[in-house]
Amino acid sequence: MKLIPNSASLDSVSRSSVLTASACFAICLSATAVFAETWTMPTPYSDTNFHTENIRAFAAEVERLTDGELVIEVHPGGTLVAHAEIADAVQNGDVQIGEVFQSTLSSRSPLFGADGLPFLATSYADAQRLSDAEFDILTRILAEDGLTPLYSVPWPPQGLYSKQEIIDPIDLNGAAFRVNNDILNGFAAELGASPTRLEVSEIPDAFRSGAIDAMMTSATTGVSTQSWEYLDYYYDLQAWLPKNIVFVNSDALAALSEENRQAVFTAAQNASDNGWLLSQINAVEAIKALFDNGMTILTPGQDLADSGEGGAMRQVSPALLTELERASQAIRESWLQTAGSDGQQLIEAFEEGQE
């Protein structure tokens, strides 16, 4: 005879089933929590900067490719770790991954400043050749500090900003000149200017207060800081293309499964490809934005007629170009003395790639 349980027995069975299911669900959640890992990533630039936008896309792809087993939390704008402290924080394991302006690592080795040498790599093609030439050397140096590079992305070409139009190079003598690395510090001094180290966020107030009179940076930075509100002139010199570099704590990378490590490298390659494209697009759009907002754009090319709309376009003073080239050669010679055989090897590899 088949036994039919009474209602009390049914309630007991139901409760038991629910408890069993709940326990299984909790175990599953616990297992997911165990296998999921979070990396913290401080970056120095704002959320609206194309570098940060590219990093967020990189983080999203890492999470997708690892099926959520690795999550990268991005903290932009120096809100978690100050720019100057990001590399140490990653090296010490306080955070797992970070981004910095590459030449800020020049205190570790002058080789990190090669992409900031004035008038060395002045186009995207040149910048790519320089990046290829320096990769193995920089990877070796970073490995000594327990760091692994993932990818780098250039800023648009660097130009000069000033309050007053500079026709005679003597106009730079004594001018307070904003710098952000040791090479630019030396370049400003070679021009007779007075170097003043500032982060991007400090630029507008520094110009308005008279703390600085000129700077060299990209058109992108001029747009992000709305330079037309406190400056009138931008010299589109195409002087060099510095890079941001993204690196990870080597121990944190090694702790991942082989599949997830490969996912990080795949996402990094995609971020590199996308970042270089974004930089080129941004370079064009940023110049247009400066012009549209009334700034005078000066170029090394032929004289250009002023436009009835937006700003104006004129030719850079030949005397200023000559002085900039002289100063850049002096800085390169000085850099080679400190960079040693690795620096000479890097420059030779780059120049061979130009042929």
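This passage walks through a predicted model of a single chain, from its overall make-up to one helix, a few residues and the empty spaces inside.

To start with the whole chain, the secondary structure comes to 10 helices and 12 strands. There are 355 residues in the chain, and buried ones make up 49% of them. The surface left exposed comes to about 16600 Å², with carbon and sulfur atoms supplying 51% of that area. As for how the chain folds back on itself, take the contacts between residues at least 6 apart in sequence: 74% of these join residues at least 24 apart.

Helix 2 makes a handy place to look more closely. This helix runs over residues 50–65, 16 residues in total, and spans 22 Å from first C-alpha to last, close to the 22 Å expected at 1.5 Å a residue. At the N-terminal end sits a cap: a side-chain oxygen of Asn 49 lies 2.8 Å from the backbone nitrogen of His 51. Just after the helix, Asp 67 takes a positive phi of about 55°. The buried residues of helix 2 are Phe 50, His 51, Thr 52, Asn 54, Ile 55, Phe 58, Ala 59, Glu 61 and Val 62.

Of that set, Glu 61 is worth a second look. Glu 61 has a relative accessibility of 17%, so it counts as buried, the cut-off being under 20%. Setting aside neighbours within four places in sequence, Glu 61 is in contact with Ala 267 and Asn 270. Thr 266 is also part of the picture: Glu 61 and Thr 266 are 205 residues apart in sequence, yet their C-alpha atoms are 9.0 Å apart in space.

Two further residues make a neat contrast. Ser 218 belongs to strand 8, which covers residues 214–218, and is buried, with a relative accessible area of 0%. Once residues up to four places away in sequence are left out, Ser 218 touches Trp 155, Pro 156, Pro 157, Gln 158, Tyr 161 and Tyr 234. Asp 251, on the other hand, is found in helix 8 (residues 250–254). With a relative accessible area of 63%, Asp 251 is exposed. Asp 251 and Thr 148 are 103 residues apart in sequence, while from C-alpha to C-alpha they are 9.3 Å apart in space.

That leaves the empty spaces. Rolling a probe the size of a water molecule over the atoms shows where such space is left. Searching the whole structure turns up 2 cavities of 30 Å³ or more, and the largest cavity holds about 70 Å³ of space. The residues lining this largest cavity include Tyr 45, Phe 101, Arg 178, Asn 180, Val 200, Met 216, Thr 217 and Pro 242. Trp 155 and Gln 158 line the largest cavity as well, and both are touched by Ser 218.

The largest pocket has a volume of about 440 Å³. It is lined by 24 residues, and the closest to its centre are Tyr 45, Ser 46, Asn 49, Val 200 and Ser 224. Two elements give two or more residues to this lining: helix 7 (219–224) and helix 9 (258–292). Some names here come up elsewhere too. Asn 49, listed close to the pocket centre, is the residue that caps helix 2. Likewise, Tyr 45 and Val 200 are listed for the pocket and also line the largest cavity.

Note on methods:
Residues numbered from 1 in each chain as written. Predicted model: local features only at pLDDT ≥ 70, side-chain atom pairs only at ≥ 80, totals over all residues. Heavy atoms only, no water. Helix = DSSP H or I, 4+ residues; strand = E, 2+ residues; numbered from the N terminus. Expected span 1.5 Å × (residues − 1). Buried < 20%, exposed > 50% of the residue type's maximum accessible area, 1.4 Å probe, protein only. Polar contact = N/O pair within 3.5 Å; in protein donor to acceptor, adjacent residues only side chain to side chain. Contact = heavy atoms within 4.5 Å. Areas by Shrake-Rupley, 256 points an atom, 1.4 Å probe, with all protein chains shown as cover. 1 Å grid on protein atoms, 1.4 Å probe; cavity = no way out; pocket = protein on both sides within 12 Å on 5 of 7 lines; lining within 4 Å. Points joined across faces, edges and corners; volume = space filled by probe spheres on them.
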